[in-house]
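Here is a set of exercises to work through with the model open beside you. Try each task before you read its solution.

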Amino acid sequence: MKSTFLVLLCFLASCKLPLKESSQIKVLLEENTSHLQDKNLAPFYHGVASGDPLQKSVILWTRVTPKYKSNNIPVQWEIALDSKFRKVVGKGNYKTNVARDYTVKVEATNLRPNTKYFYRFKALDSYSKVGETKTIAQGDEEINLAVVSCSNIEFGYFNAYAAICKEEVDAVIHLGDYIYEYGPDVYGDKEFYRKNIPPHEIISLQDYRDRYSQYRLDEDLKKLHTLVPFINIWDDHEITNNAYVEGAQNHQADEGDYLTRKNIARQVFYEWLPIRETKTHYRSFNFGDNLDLIMLDERLAGRTIQPDTITDSQRVKASHTLLGKTQMQWLEKELKNSSAQWKIIGNQVIFSYSDWGYDGFRQNMDAWDGYPADQKKLSDIISNGPIQNVIFVTGDTHTGWAFEATAEPFSNYNPQTAEGAIGIEFGVTSISSGNSNERMSNEKVLKHEKKIKSLALNPHLKYVNMRDHGYLKLSINKSEVTAEFKIVEDLSQRSTNSSIDQTFIVRSGQNKLVSQ
């Protein structure tokens with residue numbers, strides 16, 4: 001995109017705008033994360049984590065931090081049905097080294113479905129903390145998920161992660177922007193003391209590793225990883241802003257080769273997160289009879305460059321794609337072959353047609369609206385199936401949304417009955433990244449929320465919150481899905497509190513949002 005359009009888009013939509021560089025940074029800028037380490041946890045300063053749970057297996061993760069560079073550090077792991085490890089059901093050995101930044105990732109197999117487990121690691125004569133994890137359902141059990149997106153360490157504490165630690169959830173679905181790539185005071189609260197490490201935009205292999213290390217030392221994120229398995233997907237800031245297959249808005253010629261940077265970002269993402277390293281980043285999870293979770297890759301699998309405007313001729317070309325041909329075919333097969341009651345699509349950018357209502361900025365060209373051929377193709381796959389009970393969960397915009405999803409302008413949509421909608425879309429606000437009221441008063445933001453929720457602009461939009469930070473909690477059973485938009489307190493102080501801002505019910509066989 002042209003830089004002027006990006007400034008307008010990000011300023012108004014509160015998405016991803018780098019703030020103006022500060023001429024003076026008020027705190028000491030650190031080159032590495034050693035000062036953040038709790039020495040009592042040595043050598044497992046970054047804790048433990050689990051992820052990508054299946055019905056009979058789960059990925060277990062940790063990092064060993066040696067005092068000196070060393071190759072082939074032996075690590076033992078074990079997983080048990082009890083926290084005292086009297087009922088060990090799996091164990092093994094692993095060797096980590098500097099080539100993988102001393103991270104450890106193993107798969108525990110031969111587990112029972114829908115079962116809680118405890119796990120730990122041992123290295124350099126020390127044990128890690130004990131982690132908790134859970135395999136996913138095989139039958140018709142109720143499923144509880146927390147959905148999150150967009151955590152920026154310079155905007156405040158991760159209070160939403162802390163609040164989720166108090167929830168009973170089976171997994172955390174992270175829709176991307178787990179880290180941000182900018183240098184200090186480029187995008188964040190300049191009065192907040194936490195500044196990005198290293199003290200510049202991350203480009204090199206060590207840069208990306210240090211940034212993940214900083215985030216993974218946050219006590220609230222570390223605790224949540226210890227308690228609940230994550231299912232992660234990347235968006236753009238794990239690479240760089242507005243990334244696509246061949247480039248990115250925030251990658252310049254003087255920053256080296258983009259392919260090299262992209263490959264580094266991919267490598268470090270897989271090193272530092274408990275995720276399976278498969279051929280494709282997009283993948284699916286079967287939670288038994290009630291749910292198939294389908295996680296998309298809307299950055300590096302097939303996306304072509306974003307159009308500049310809605311009138312850009314690039315936008316309507318057949319070759320202009322968000323998912324790419326291969327991923328779209330895979331998604332169609334996943335949807336058509338699913339026998340689960342609900343199909344939830346883990347989606348990085350807004351699918352539903354959206355009018356943002358600003359002068360000079362009506363549609364977001366970085367979202368599905370910038371890729372109308374793919375938008376219509378997926379809409380047709382769902383409606384022509386017909387494929388019922390489709391719910392999109394979406395990150396990226398730092399805004400809470402609830403749409404009766406439609407990809408088209410509204411000639412076939414009835415806002416009273418929801419006839420013409422193809423599914424439901426829930427957009428989740430950010431963990432901490434900037435919202436509209438970091439730039440405008442609450443009064444102005446509330447007025448704009450009312451405007452864009454009007455029948456004239458977005459008749460399918462039933463809820464919008466551009467002011468708060470938090471997460472989405474989904475409770476899923478055969479007959480209905482309950483969606484709770486949870487919000488947290490001021491990010492300048494640590495808090496574990498959350499409250500429900502809005503609750504919706506989606507009943508099986510209906511694409512209508514019922515407010516509670």
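## Exercise 1: Unusual backbone

Asn110 sits in the loop between S5 and strand S6 (116–123). Helices (H or I, at least four residues) and strands (E, at least two) are DSSP runs, numbered from the N terminus. The model is a predicted one, in which local features need pLDDT of at least 70 and side-chain atom pairs count only at pLDDT 80 or more, while totals for chains, interfaces and linings use all residues. Residues are numbered from 1 along each chain as its sequence is written, and side-chain values use heavy atoms, with hydrogens and water left out.

**Task.** Find the phi of Asn110 and of Asp177, and decide for each residue whether it is buried or exposed.

**Solution.** Start from the general expectation: most residues other than glycine have a negative phi, and most peptide bonds are trans.

- Step 1. Asn110 is not a glycine, yet has a positive phi of about 60°.
- Step 2. Its relative accessibility is 73%, so Asn110 counts as exposed. Here buried means under 20% relative accessible area, exposed over 50%, and partly exposed in between (1.4 Å probe, protein chains only).
- Step 3. Asp177, in the loop between S10 and H3, has a positive phi near 60° and is also a residue other than glycine.
- Step 4. Asp177 has a relative accessible area of 0%, and is therefore buried.
- Step 5. Now look at the peptide bonds. The one from Ala42 to Pro43 is cis, with omega near 0°, and Pro43 is in the loop between helix H1 (3–13) and S1.
- Step 6. Another cis bond joins Ile197 and Pro198, with omega about -5°; Pro198 belongs to the loop between strand S10 (171–174) and H3.

## Exercise 2: Strand S2 and the residue after it

**Task.** Work out which strands pair with S2, and what Val64 touches.

**Solution.**

- Step 1. Strand S1 (residues 48–51) pairs with S2 in the antiparallel sense over 4 bridges. Two strands pair if DSSP finds at least two bridges between them.
- Step 2. Within this pair, Ala49 is opposite Trp61. The two strands form a hairpin with 6 residues between them, and Asp52 in the turn has a positive phi of about 45°.
- Step 3. S2 also pairs with strand S5 (residues 103–108), antiparallel over 6 bridges; there Ile59 is opposite Glu107.
- Step 4. Check the side chains: Val58, Leu60 and Thr62 point one way from S2, Ile59, Trp61 and Arg63 point the other way, and all are buried.
- Step 5. Move on to Val64, in the loop between strand S2 (58–63) and strand S3 (73–80). Val64 counts as buried because its relative accessibility is 0%.
- Step 6. Leaving aside residues up to four places away in sequence, Val64 touches Pro43, Phe44, Ile73, Val75, Tyr102, Val104, Ala123 and Leu124. Contact means heavy atoms within 4.5 Å.

## Exercise 3: The seven-stranded sheet

**Task.** What is the strand order of the open sheet of 7 strands, and which are its edge strands?

**Solution.**

- Step 1. The order is S14-S15-S16-S17-S19-S18-S20, with mixed pairing.
- Step 2. Strand S14 (283–286) and S20 are the edges, each pairing on one side only.
- Step 3. S14 and S15 run antiparallel, joined by 4 bridges, with Arg283 opposite Met295. Their hairpin has 4 residues between the strands, and Gly288 in the turn has a positive phi of about 80°.
- Step 4. Strand S15 (residues 291–295) and strand S16 (residues 342–347) run parallel, joined by 5 bridges; Leu293 has Ile344 as its bridge partner.

## Exercise 4: Two sides of helix H8

**Task.** Which residues of H8 are buried, and what covers them?

**Solution.**

- Step 1. In helix H8 (residues 442–452), the buried residues are Val445, His448, Glu449 and Ile452.
- Step 2. These residues cover an arc of only 105° around the axis, which puts them on the same side of H8. The arc is that of the directions from the helix axis to the C-beta atoms.
- Step 3. The face turned away from the buried side carries the exposed residues Glu443, Lys447 and Lys450.
- Step 4. The cover over the buried residues includes strand S18 (400–405) and strand S20 (461–465).
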